[in-house]
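Subject: Handover of a structure, with findings

Dear colleague,

Please find below the structure that I am passing on to you. My notes on it follow directly after.

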Amino acid sequence: MTDIESNGSQLPTVLLAGATGYIGKHVCETLLNRGFHVLSLGRGKSKTEDHRNFEHISIDICSDKEMTEFARSGRQIDALISCLGSRTGGRRDAWAVEFGANKNLLNLSLLMSSKKFVLLSAICVQRPRLEFQFAKIAFEDHLIASGITYSIVRPTAYFKSLAGQIENLKAGKAFVVFGKGVGTACKPISAKDLSDYICGCLEDPKRQNKVLPIGGPGPSITPIEQGEMLFRLLDKKPNFCYLPSIMFRIISALIAPLSLISEKISNLREFIHIGHYYATESMLFWDETKERYSSKETPEYGCDTLENFYCEVLKSGMEGQELGDHKLF
Ligand SMILES: NC(=O)c1ccc[n+]([C@@H]2O[C@H](COP(=O)([O-])OP(=O)(O)OC[C@H]3O[C@@H](n4cnc5c(N)ncnc54)[C@H](OP(=O)(O)O)[C@@H]3O)[C@@H](O)[C@H]2O)c1
């Protein structure tokens, strides 16, 4: 089945954190389809809860105390996959989840004799400017230094993250781009393909002890091209609204003094910085020597295309693709 051998006579057990999330849900399904026993940890239950090889334990992953107590339960796991991500991207939450919760999972992993730790990270940490990116990198470094066999998966944009304007377009509104809409690009990947890639890290020795940037099937696509594709599929005349990305900087500067006295405004300011980042940076491999993003060097995986995804969403709606607090991107 895999090079992950079970600790005992039962199915190999993978502890999964984030099984209620967009990617985590798919990872859970993929693991179950591949014959693993899934032990899910988290604050909410996943929809897969009635599968006979699925088990959920309600626990506060951010709490060192609860996690240490759980580690003493004497259970063993074969591998751990973390698909956690801050729901808000707020400064405090980012550190609590991206660093704190993942650190607790790593401790648990070591105490429960896990052989592997697969971390879902993000390609944008290559050029960090945001709090959640610094928190992710701090944990990546911690994981690498721990000595456990690891795979750090850094995907480019998810399909859902490029679908936030579909309803506006259907309602006759313009497609919003920053600058001329050609300054950034990504190689989007579907949740199914990414889950397949993540679960493959348990099996493929070439993906072990590596940091793995990963995109979907190419070529890369710019915001203008996304809009053009959507207008074509909707059979509507292209209609773009061009906004200057500097607007994020101006708003950030205006609210800077208030952010010093209010955590709410400080989080709002961080959210604006996130907006500016995605309006100006590509989600592609960053070539350090040439100091530019490289579409060619961004590895590709899977076969699901953005165009098919858009067709599906136009036909059946966005159910299951909810953007939550990430709606802006
Ligand atoms: N969006 C993109 O295009 C993109 C691209 C590359 C990488 N990424 C990264 O991929 C990762 C996963 O993304 P996603 O869209 O699948 O995320 P998501 O749908 O927001 O799911 C996040 C998961 O983390 C859990 N979580 C958050 N805060 C928690 C807490 N305090 N305690 C326990 N569990 C907590 C959530 O559990 P609950 O259900 O209990 O909230 C959920 O299971 C993120 O780290 C993100 O940065 C995203």
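Is arginine 154 buried or exposed? Arginine 154 is buried, because its relative accessible area is 15%, and the cut-off for that class is under 20%. Please note that the model is a predicted one.

Arginine 154 belongs to strand E6, which covers residues 149-155. Apart from neighbours within four places in sequence, arginine 154 is in contact with Ser121, Ala122, Ile123, Val125 and Gln126, with Glu140, and with Val211, Leu212, Pro213 and Ile214.

I turn next to strand E1. This strand spans residues 13-17 and is mostly covered, with five of its five residues buried. Thr13, Leu15 and Ala17 point one way from E1, while Val14 and Leu16 point the other way. The residues on both sides of E1 are buried.

E1 has pairing partners that may help you find your way around the model. With strand E2, residues 37-42, E1 pairs in the parallel sense through five bridges. Within that pairing, threonine 13 of E1 lies opposite histidine 37 of E2. Helix H1, residues 22-33, joins with E1 and E2 in a β-α-β unit, and this unit is right-handed. Strand E4, residues 79-82, also runs parallel to E1, and four bridges join the two. Here the bridge partner of alanine 17 is serine 82 in E4.

Serine 82 appears again in the surroundings of asparagine 102. Ser82 is one of the residues that asparagine 102 touches once those up to four places away in sequence are set aside; the others are Leu84, Val97, Phe117, Leu119 and Phe139. Asparagine 102 itself is found in helix H3, which comprises residues 91-111. Its relative accessibility is 2%, and therefore asparagine 102 counts as buried.

Finally, I would draw your attention to leucine 258, in helix H8, residues 246-259. Is leucine 258 buried or partly exposed? Leucine 258 has a relative accessibility of 45%, so this residue counts as partly exposed; that class lies between the limits of 20% and 50%. Leucine 258 and arginine 269 are 11 residues apart along the chain, and a distance of 9.7 Å separates their C-alpha atoms.

With kind regards

Key
Residues are numbered from 1 along each chain as its sequence is written. This is a predicted model: local features need pLDDT of at least 70, side-chain atom pairs count only at pLDDT 80 or more; totals for chains, interfaces and linings use all residues. Side-chain values use heavy atoms; hydrogens and water are left out. Buried means under 20% relative accessible area, exposed over 50%, partly exposed in between (1.4 Å probe, protein chains only). Two strands pair if DSSP finds at least two bridges between them. A crossover is right-handed if, with the strands pointing away from the viewer, the path from the first strand over the helix to the second runs clockwise. Contact means heavy atoms within 4.5 Å.
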